[in-house]
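Trainee: Got a minute to go through this one with me? I'd like to start with the charges.
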Amino acid sequence: MKMTDIPFGTTHWDRIPVTEHPGETGRAFWRTRHFGEIRVRMVEYTPGYLADHWCSKGHILLVLEGELVTELQDGREFTLTPGSSYQVADGAEPHRSRTATGAKLFIVD
């Protein structure tokens, strides 16, 4: 990821409009900013959320609150708690997320 032509700025995430994205179960609420080709999101998953698709997009994801289980299509699972993160490249291992308790995430992709 190369970051160019982004002047210094601040983001007050509570002022960014929310979009709702249903999962297979539960819902995701995104607050999204775009900086050129870079998407930055504050995402909240409701308790019981399960993604409705396998994702092949690359991300850097940081868990801020709650607990997130990230499942890879090959069957491996990783449990992330506040302060833990994962990174995956575009086109690498397909993955999806779920949470029993809900989670708040900061994601760059």
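Mentor: Sure. For the charge count, Lys and Arg are taken as positive and Asp and Glu as negative, while His and the chain ends are left out. Keep in mind that this is a predicted model.

Trainee: OK, so how far apart are the mean positions of the positive and negative charges?
Mentor: They are 5 Å apart, with 12 positive and 15 negative charges in the chain.

Trainee: And the fold, how many helices and how many strands?
Mentor: The chain has 0 helices and 10 strands. Reading along the sequence you just get β-β-β-β-β-β-β-β-β-β. The radius of gyration is 14 Å, close to the 13 Å from the globule rule for 109 residues, so the chain is as compact as a globular protein of that length.

Trainee: What does the C-alpha trace span along its principal axes?
Mentor: About 40 × 30 × 25 Å.

Trainee: What about the surface, how much does the chain expose?
Mentor: About 6800 Å², and carbon and sulfur atoms supply 53% of that. As for burial, 33% of the 109 residues count as buried.

Trainee: And the contacts: of those between residues at least 6 apart in sequence, what share joins residues at least 24 apart?
Mentor: That share is 58%.

Trainee: Switching to sheets. What's the strand order in the open sheet of 4 strands?
Mentor: It runs S4-S9-S6-S7, and the pairing is antiparallel. S4 (49–50) and S7 (77–80) are the edge strands, each pairing on one side only.

Trainee: Which residues of S6 and S9 are involved in that pairing?
Mentor: S6 covers residues 68–72 and S9 covers residues 95–99, and the two pair over 4 bridges in the antiparallel sense. Within that, Glu 71 has Arg 96 as its bridge partner in S9, and Thr 70 stands opposite Ser 97.

Trainee: And on the S7 side, what's the bridge partner of Thr 70?
Mentor: Phe 78. S6 and S7 are again antiparallel, over 4 bridges.

Trainee: Is S6 buried or exposed?
Mentor: Buried: 5 of its 5 residues are, so the strand is largely enclosed by the rest of the structure.

Trainee: Which way do the side chains go there?
Mentor: Leu 68, Thr 70 and Leu 72 point one way from S6, Val 69 and Glu 71 point the other way, and all of them are buried. In a regular strand, side chains alternate between the two faces of the sheet.

Trainee: What sits between S6 and S7?
Mentor: They form a hairpin with 4 residues between them, and Gly 75 in the turn has a positive phi of about 105°.

Trainee: How accessible is Gly 75?
Mentor: Its relative accessibility is 49%, so Gly 75 counts as partly exposed; the cut-off for exposed is over 50%. Also, Gly 75 and Asp 90 are 15 residues apart in sequence, with 19 Å between their C-alpha atoms.

Trainee: Last topic, Trp 30. Where is it?
Mentor: Trp 30 belongs to strand S2, residues 27–35.

Trainee: What is it in contact with, leaving aside neighbours within four places in sequence?
Mentor: On one side of the sequence there are Pro 17, Val 18, Thr 19 and His 21, and then there are Arg 39, Arg 41, Met 42 and Val 43.

Trainee: And how far is Trp 30 from Gly 9?
Mentor: Their C-alpha atoms are separated by 20 Å, and the two residues are 21 apart along the chain.

Notes. Residues numbered from 1 in each chain as written. Predicted model: local features only at pLDDT ≥ 70, side-chain atom pairs only at ≥ 80, totals over all residues. Heavy atoms only, no water. Rg over C-alpha atoms; globule rule 2.2 N^0.38 Å. Buried < 20%, exposed > 50% of the residue type's maximum accessible area, 1.4 Å probe, protein only. Contact = heavy atoms within 4.5 Å. Areas by Shrake-Rupley, 256 points an atom, 1.4 Å probe, with all protein chains shown as cover. Charge placed at Lys NZ, Arg CZ, Asp CG, Glu CD. Pairing = 2+ DSSP bridges.
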